[in-house]
Amino acid sequence: MSRHVVVKSLPFTSALGRTKPVSHFKHIVEHDRSRAQKFMAGLHPHGPNPFVEARKRRHGHRHHHHHTGGDDSTAPSGGSGGSGSDSIDVTDSSVTYLMDVTIGGQDFSLLIDTGSSNTWCGADTKFEPNSSVESTRESVNVSYGSGSFSGTEYVGPVVLGGSSGLSIPNQSFGVASSAQGFSGTDGILGIGPVDLTQGTVSGSSEVPTVTDNLASNGTISTESIGISYNPTTGENLANGELTFGGVDQSKITSDVTFVNITSTSPASNYWGIDQTITYGSSGTTILDTTAGIVDTGTTLLLIATDAFQVYQQETKATLDQTTGLLKISSSEFSNLQSLFFQIGGTTFEFTANAQIWPRSMNSALGGDDDSIYLIVSDLGSNSGSGLDFINGFGWLQRYYSVFDTTNSQVGIATTPNTDAETN
């Protein structure tokens, strides 16, 4: 059953909630790059594939039964309204998605982040504890690259999607006493691998995520999340959906290609995959098979510096100093060819329209209304680092993605948006 979420209007924010004057979109570029550097720092180096080991510790060698496309990996079952899964509508804030979350009976708008795993509130709206929650008196500290928060751990009822949504009776969550980089939003809904919570809460080795608890409570049959994002056409539109415990078959136009979490560190600490990127009909190599991550908390499509230089040469784009993004002319756009992402045994076409910032939203960039800006940006380091790309929010708006902890895999499928000429 789909639960419709009403999220209060927020100012235009970066992927970590920083209030952004419209003339300074470069803050988002800087944020994405800082976030990438944080990922590459390898904050959780626990062996070649800590994601797999963390899953084994919690679940044993548990596999689900349903197969959907791609390789020989297993797939989560379920669908829109299917048994053991539940879907929640989420709101597009132009550079990331927000979910309405009720914590201890109080409503918050939280940024959906697959690149971190702590859930917390109190950055903007102050948390007012009541008898339904209890403080553990343990401290919580999390750094996000260009933002951070510190505070106290509480345990109590958390309801995803608002007061009548998907309920978790005893969820650990942080309450911020100090937060930097989050003006204009309330906090984070962390849905990354649980390993990322290690060292964030005093007195705990790791803290179960919301998805962990939904699975352990039996609310969902598979510990997975299916994400449907639509191309941005305006601010604060409820045009996305998270399905906990399954895949919403009504959102996809292909089988789901599932690939195992990459074994390459540091991408293996996150929702990391291996992929190849080529450009155009000639198949110019942008990135040879290499590791990176899929991340809702990054706005742009980031690729390693050497790959970015090849892409810029192929597209004949110039760097726009106002926005920090690549810019192309109308004639260059008419010649812009598709990028092709080889993931598992499937090639996913990322069209010319998919590669550009929505022109109807150019004013939000502080750019010119009649200009064309590309969402492909420089990661800030050369390939070979173990994290050579981040498929961010702009990329995810063209595909359906599945983040499957039970089977340690990521799934990608096409949608009606994949070929849409929305931009």
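Q: Ala, Val, Leu, Ile, Met, Phe, Trp, Tyr, Cys and Pro count as nonpolar, Asp, Glu, Lys and Arg as charged, and the others, Gly among them, as polar; how many residues of each class are in the lining of the largest cavity?
A: By that scheme, the lining of the largest cavity has seven nonpolar, six polar and one charged residues. This is a predicted model, in which local features need pLDDT of at least 70 and side-chain atom pairs count only at pLDDT 80 or more, while totals for chains, interfaces and linings use all residues. Residues are numbered from 1 along each chain as its sequence is written, and side-chain values use heavy atoms, with hydrogens and water left out.

Q: What makes a space a cavity, and what makes a residue part of its lining?
A: On a 1 Å grid over the protein atoms alone, a cavity is a set of points where a 1.4 Å probe fits but cannot get out, and a lining residue has an atom within 4 Å of a point. Grid points are joined across faces, edges and corners, and a volume is the space filled by probe spheres set on the points. The whole structure holds four cavities of 30 Å³ or more. The largest has a volume of about 110 Å³; among its 14 lining residues, Ile356, Pro358, Ile375, Gly394 and Gln397 are the closest to its centre.

Q: Which residues lie nearest the centre of the second largest cavity, and which strand gives the largest share of its lining?
A: This cavity has a volume of about 80 Å³ and is lined by 16 residues, with Asn118, Thr119, Ser172, Phe173 and Val207 nearest its centre. Strand S8 (residues 166-180) gives the largest share, four residues. Strands (E, at least two residues) and helices (H or I, at least four) are DSSP runs, numbered from the N terminus.

Q: What makes a space a pocket, and which residues line the second largest one?
A: A pocket is an open set of points with protein on both sides within 12 Å along at least five of seven lines. The second largest pocket holds about 170 Å³ of space, and its lining consists of Lys26, Val29, Glu30, Arg33, Phe308, Leu319, Asp320, Gln321, Gly324, Ser377 and Asp378. Helix H1 (26-40) and strand S21 (376-378) each give two or more of these residues, and H1 gives the most, with four. By class, the lining has three nonpolar, three polar and five charged residues.

Q: Why do strand S16 (318-319) and strand S20 (372-373) count as edge strands?
A: Two strands pair if DSSP finds at least two bridges between them. The open sheet has the order S16-S17-S20 with antiparallel pairing, and S17 (residues 326-328) pairs with S20 over two bridges. S16 and S20 each have a single partner strand, so one side of each is left without a neighbour in the sheet. Within the sheet, isoleucine 328 stands opposite isoleucine 372 in S20.

Q: Why is threonine 232 called buried or exposed?
A: Buried means under 20% relative accessible area, exposed over 50%, and partly exposed in between (1.4 Å probe, protein chains only). Threonine 232 has 2% relative accessibility, so threonine 232 counts as buried. Of the 423 residues of the protein chain, 61% count as buried.

Q: Which residues does threonine 232 touch?
A: Contact means heavy atoms within 4.5 Å. Not counting residues up to four places away in sequence, threonine 232 touches Asp92, Ser94, Pro358, Met361, Phe393 and Gln397. The C-alpha atoms of threonine 232 and proline 358 are separated by 6.7 Å, although the two residues are 126 apart along the chain.

Methods: Ala, Val, Leu, Ile, Met, Phe, Trp, Tyr, Cys and Pro count as nonpolar, Asp, Glu, Lys and Arg as charged, and the others, Gly among them, as polar.
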